[in-house]
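Here is a short report for a reader meeting this structure for the first time. Take a look at the model before reading on.

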Amino acid sequence: MNIHEYQAKQIFAKYGVPAPRGFIANTPAQALKNAQELGGKVWVVKAQIHAGGRGLGGGVKIVHSLSDVKKAATELLGMTLVTHQTGPEGKLVRKVYVEEGIKIVDELYLSIVLDRAIEMPIILALKEGGVDIETVAAKSPEKIIKIPIDPDFGYQGYQGRELVFALGIKDKREQYKLQNFVKALYNLYIENDVQMVEINPLVKTKTGSFLALDAKLQFDDSAMARHPEFEEMRDIHEENADEREASLYGLSYISLEGEIGCMVNGAGLAMGTMDTINYMGGNPANFLDVGGNANPEAVAKGFEIILRNKNVKAIFINIFGGIVRCDRIANGIIEATKTVEVNVPVVVRLDGTNAIEAADILRHANIDNIITATDLADGAKKAVEAANNSQGKK
Ligand code: ADP
Ligand code: MG
């Protein structure tokens, strides 16, 4: 789960990770009040969307008068902001964060992410902030400072020293401040089941202090049950509506760009199915794991969500009946065809527990559009052919 910059900075404050002072607003009048409350002469009005690259996209406005604060907020609120991370459709700005303007002396990059390969959190840092870490990783990976933290030992003092030396920070007081900064950030990361926290840029000010100018924070979805306090930070406008609805039915659904809708049980089989579709020359339109105890309602819901995607030209149902019985899935498919109009070919491969009964059920149901398959390769091949044949029919 992602949260907004202003929310991440609220959590930063609790952990002693320094950031500029600021207040959130959803009207220009409130933005003006916030700026008055902050005082000073320079303010930054920042669009709050779950995407980076706002600065380049015109979503971060540095202003020098109270009237310009109001003007900037008026422009940003209700605007559809397009950045390299939002896709061409952009994102609607519903809130702006009004922050004190900071005189920047130096910009760094700092993040803590889970490195799955080494199974540990890792601190990533760069001497130059404000740049895209993905670009640096692709073009000059040697520039990225990497410090893995063994969670059994936690963050150690020597790792902080290693980091500040690698960043070329010479001043003792600055070294000390940055080490405290990183230590606080690591505490925040580990205590809250954070999956990624990124500060880009982390800036040094005139007085040699370090501030998180930007803040991106992502929690581990699987750990959200341990943090009910973060649920209210969820912004459903920022989430994919289909993915959210699917999760309410116990389905893991992720929409993709291809033309073959997939309904599979088990994440591993779902990945294998997507690979096989690819191998046969097609592209999956989604990842959908119906889980271990898929009931007819969940299957029907899965159908409905897959069919909402206008790019879908065929559906491939690939179920291996272990815990879930194939006859239940077959009934689910029949149930689904009663409530949702299935206007594309559906290739079905059911194997495992009660597969024979399932095949009987489907045969007797006499539903148009259903093509049966004997195994994964056969199913994937038929789905790709069916998609190619129905191309343009919808
Ligand atoms: P994004 O990464 O989405 O573009 P940032 O929060 O990193 O958004 O802001 C973009 C740029 O705007 C920063 O790199 C910095 O130069 C400037 N900026 C952001 N917040 C402030 C601030 N409080 N004071 C001064 N400059 C700021
Ligand atoms: Mg940034």
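The report below goes from the overall fold to the cores, the cavity and the metal site.

## Overall build

This is a predicted model. The protein has 394 residues, and 47% of them are buried. Its secondary structure comprises 13 helices and 18 strands. Along the principal axes, the C-alpha trace spans about 80 × 50 × 40 Å.

How do the contacts divide along the sequence? Take those with a separation of 6 or more: residues 24 or more positions apart account for 69% of them.

## Nonpolar cores

The largest nonpolar core holds 39 residues. Three of them touch the most other members: Phe12, Leu178 and Leu217. Helix 7 gives the most to this core, with 8 residues. Apart from this core lies another, of 34 residues. Its members include Ala298, Ile333, Val340 and Val342.

Phe12 is worth following in the model. Leaving out residues up to four places away in sequence, Phe12 touches Val17, Leu185, Leu188, Val197, Ile199, Ala212, Ala215 and Leu217. Leu217 is thus met twice: it is a contact of Phe12, and it is listed with Phe12 and Leu178 as touching the most other core members.

## The cavity

How many cavities of 30 Å³ or more does the structure hold? There is 1. Its volume is about 30 Å³.

The lining consists of Leu108, Tyr109, Leu110, Ala125, Leu163, Leu167, Leu178, Val182 and Leu202. Two elements give two or more residues each to this lining: strand 7 (104-115) and helix 7 (172-191). Strand 7 gives the most, with 3 residues. By class, the lining has 9 nonpolar residues, no polar ones and no charged ones. Leu178 lines the cavity and also belongs to the largest nonpolar core.

## The magnesium site

Which residues coordinate the magnesium ion (ligand 2)? They are Asn200, through O, and Asp214, through OD. The distances run from 2.1 to 2.2 Å. The pair links distant parts of the chain, 14 residues apart. Asn200 sits in strand 10 (residues 194-205). Asp214 lies in the loop between strand 11 (210-212) and strand 12 (216-219).

Is Asn200 buried or exposed? Buried means under 20% relative accessible area. Asn200 has a relative accessible area of 14%, so Asn200 is buried.

Definitions and conventions. Residues numbered from 1 in each chain as written. Chains lettered and ligands numbered in written order. Predicted model: local features only at pLDDT ≥ 70, side-chain atom pairs only at ≥ 80, totals over all residues. Heavy atoms only, no water. 1 Å grid on protein atoms, 1.4 Å probe; cavity = no way out; pocket = protein on both sides within 12 Å on 5 of 7 lines; lining within 4 Å. Points joined across faces, edges and corners; volume = space filled by probe spheres on them. Helix = DSSP H or I, 4+ residues; strand = E, 2+ residues; numbered from the N terminus. Nonpolar A, V, L, I, M, F, W, Y, C, P; charged D, E, K, R; others polar. Donors = N, O, S within 2.8 Å, 3.2 Å for Na, K, Ca; no water. Buried < 20%, exposed > 50% of the residue type's maximum accessible area, 1.4 Å probe, protein only. Core = buried A, V, L, I, M, F, W, Y, C linked by side-chain atoms within 4.5 Å. Contact = heavy atoms within 4.5 Å.
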